[in-house]
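Colleague: Could you walk me through how to read a structure like this? I am new to it and would love to learn feature by feature.

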Amino acid sequence: MSSPALVWLRDDLRLDDQPAIAAAADRSALFVYVYDDASPGLRPLGGASRWWLAKSLAALRHEIAARGGRLDILRGPAGELIPELARGAGASHVYWTRRYGAAEIEIDKGVKAALADAGIAAKSFNGQLLREPWEVRTEAGGAFQVFTAFWRRHRALGAYAAPLRAPERLHAARWPSEAPRRVSLEDLALTPLKPDWSGGLAETWRPGEEGARARLDRFVSEALEDYAEARDRPDGRNTSMLSPHLRFGEISPRRVAAAIEAARGDAEGAADKYLAELGWREFSYSLLYDFPDLAKRAWRARFENFAYREDRAGLRAWARGRTGYPLVDAGMRELWATGYMHNRVRMIAASFLIKHLLIDWRRGESWFWDTLCDADPANNAASWQWVAGSGADAAPYFRIFNPVLQGQRFDPEGAYVRRWIPELARLEAAHIHSPWLAPSDALARAGVTIGRTYPEPIVDHAFARRRALEKLAAIKA
DNA sequence: TGAAATGTTGGGGCG
DNA sequence: ACGCCCCAACATTTC
């Protein structure tokens with residue numbers, strides 16, 4: 001019997017446009033996911049991501065089995081388990097999709113070296129990005145620091161590679177006798193049981209490749225046309241909701257870009273707007289590749305000197321959606337309930353934590369890491385630093401969102417606030433973004449008592465704005 | 001991928 | 001008819 005291939009699956013839990021699986025499609029192969037909670041330097045997944053991963057692995061296991069393959073799961077240090085398995089199986093090749101965090105790259109390098117020692121070929125592919133970070137460089141050969149320049153260069157490099165078709169047949173190799181012990185998905189205990197807080201997530205999402213494809217198809221047919229204008233509106237189904245699917249590689253960015261390009265005729269401007277959002281994802285990965293501490297240290301070093309406040313009560317009020325600013329609270333409650341938050345609301349909620357409360361962006365980044373289904377090592381860190389002003393092409397320190405004005409502009413009827421803050425649902429639109437200013441009869445009609453049924457603002461906007469400008473001005477360039 | 005303060009303009013009311 | 005004031009509406013500057 002000829003030697004099998006080993007496909008090591010990571011953040012690429014799909015069959016469509018999956019070069020690592022395609023490479024092994026016409027031969028017997030092992031398909032393995034390693035849940036690595038043992039290697040140093042890897043950031044543990046947050047709660048929402050663990051829930052997602054469990055569902056996504058179950059979906060992929062089903063799809064692989066339907067084509068004649070088998071997905072097996074290991075637990076432990078991937079740097080030891082993968083070479084051990086490859087040796088035990090007598091594998092000729094190991095295939096995987098590249099990743100871009102420093103600890104991940106270190107592990108993959110180690111695996112490659114160990115495989116080489118054993119005479120086994122390792123081959124890695126790009127499946128997670130439209131272009132590799134090292135392909136998009138400045139004239140001087142460095143990483144771009146400004147998005148528009150990065151994206152212009154990215155686009156100028158030509159058309160993206162055409163997506164690969166999902167293989168129709170896979171061939172499961174026998175699990176070798178000399179090999180690490182397999183674990184079941186249930187053994188990983190990724191899904192919350194006591195208490196099971198995942199109900200809102202399950203109502204919102206269908207993790208896995210089919211769910212991803214359904215999101216993409218719906219977006220292209222129903223929302224793309226108006227995307228350029230509607231994307232900033234959190235009330236309504238205006239965005240693709242693909243972020244967690246992209247995070248776990250259930251759909252490839254090449255597949256998404258190809259679908260957008262195919263629909264370009266109807267919506268030229270909208271297509272470019274959406275592709276630019278994929279562009280921000282690429283830019284974030286470029287930053288992470290260039291600056292591995294993106295989630296830990298300010299990308300602009302002078303921001304490390306800023307004295308953020310310790311404010312446990314403020315952080316808690318923010319996290320639980322009890323700041324007294326309805327748009328911020330609606331966003332934080334959407335996050336808690338569904339593992340997602342609309343992007344504009346993310347910016348406003350993040351700005352509130354950093355600039356109104358003067359709390360370290362890392363606290364917010366950690367909260368999002370734990371609660372977002374799309375918690376992404378590059379996007380999450382880069383976006384928080386962007387809001388803080390410490391990131392690449394960042395919001396200037398003096399850009400401070402007014403949550404009332406932002407609410408009036410982007411949720412004018414208050415539909416988004418009403419959905420996530422039921423205690424304000426009966427308040428008329430004129431007051432819904434500033435309930436503490438509403439006349440007492442309007443409050444009475446809506447059954448709202450400020451300070452009792454809904455909190456007083458935990459900080460006055462005008463005061464907080466002045467305070468932030470004063471403190472942040474000290475670190476300006 | 002701001003907001004607020006300040007400056008400018010121009011229509012309309014009115015003596 | 002004219003000058004003056006008021007003040008939206010818009011533009012510019014500043015943070």
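Modeller: Happily! Keep in mind that this is a predicted model. Let's begin at the DNA. Around DNA strand B we find Trp-280, Ala-395, Phe-398, Arg-399, Ile-400, Phe-401, Asn-402, Leu-405, Gln-406, His-461 and Arg-465.

Colleague: Which helices each supply at least two residues of that surface near DNA strand B?

Modeller: Look at helix 17 (403-410) and helix 20 (461-473). You can also sort the surface by residue kind: six are nonpolar, three polar and two charged.

Colleague: How do I check the length of a helix, say helix 14?

Modeller: Compare an expected span with the one in the model. Helix 14 covers residues 343-356, and at 1.5 Å a residue its 14 residues should span 20 Å. The C-alpha atoms at its ends are 19 Å apart, which agrees.

Colleague: Is helix 14 largely enclosed or exposed?

Modeller: Count the buried residues. In helix 14, 13 of the 14 residues are buried, so the rest of the structure largely encloses this helix. Just after it, Leu-358 has a positive phi of about 55°.

Colleague: Where else should I look for a positive phi in a residue other than glycine?

Modeller: Try two loops. Asp-17, with phi near 45°, sits in the loop between strand 1 (5-9) and helix 1 (19-22). Ala-189, with phi near 50°, belongs to the loop between strand 6 and helix 6.

Colleague: Are those two buried or exposed?

Modeller: Count neighbours: 20 or more other C-beta atoms within 10 Å makes a residue buried, and 12 or fewer makes it exposed. Asp-17 has 23 such neighbours, so it is buried. Ala-189 has 10, so it is exposed.

Colleague: What does the peptide bond between Lys-194 and Pro-195 look like?

Modeller: For that, read omega. The bond joining Lys-194 and Pro-195 is cis, with omega about -5°. Pro-195 lies in the loop between strand 6 (171-172) and helix 6 (199-204).

Colleague: And strands? How many bridges join strand 2 to strand 3?

Modeller: Check the bridges and the directions of the strands. Strand 2 (residues 28-35) and strand 3 (residues 71-75) run parallel and are joined by five bridges. Tyr-35 stands opposite Arg-75 in strand 3. To get from strand 2 to strand 3, the chain passes through helix 2 (residues 47-66), making a right-handed β-α-β crossover.

Conventions
Residues numbered from 1 in each chain as written. Chains lettered and ligands numbered in written order. Predicted model: local features only at pLDDT ≥ 70, side-chain atom pairs only at ≥ 80, totals over all residues. Helix = DSSP H or I, 4+ residues; strand = E, 2+ residues; numbered from the N terminus. Expected span 1.5 Å × (residues − 1). Near = placed C-beta within 6 Å. Nonpolar A, V, L, I, M, F, W, Y, C, P; charged D, E, K, R; others polar. Pairing = 2+ DSSP bridges. Right-handed = clockwise from strand over helix to strand, strands pointing away.
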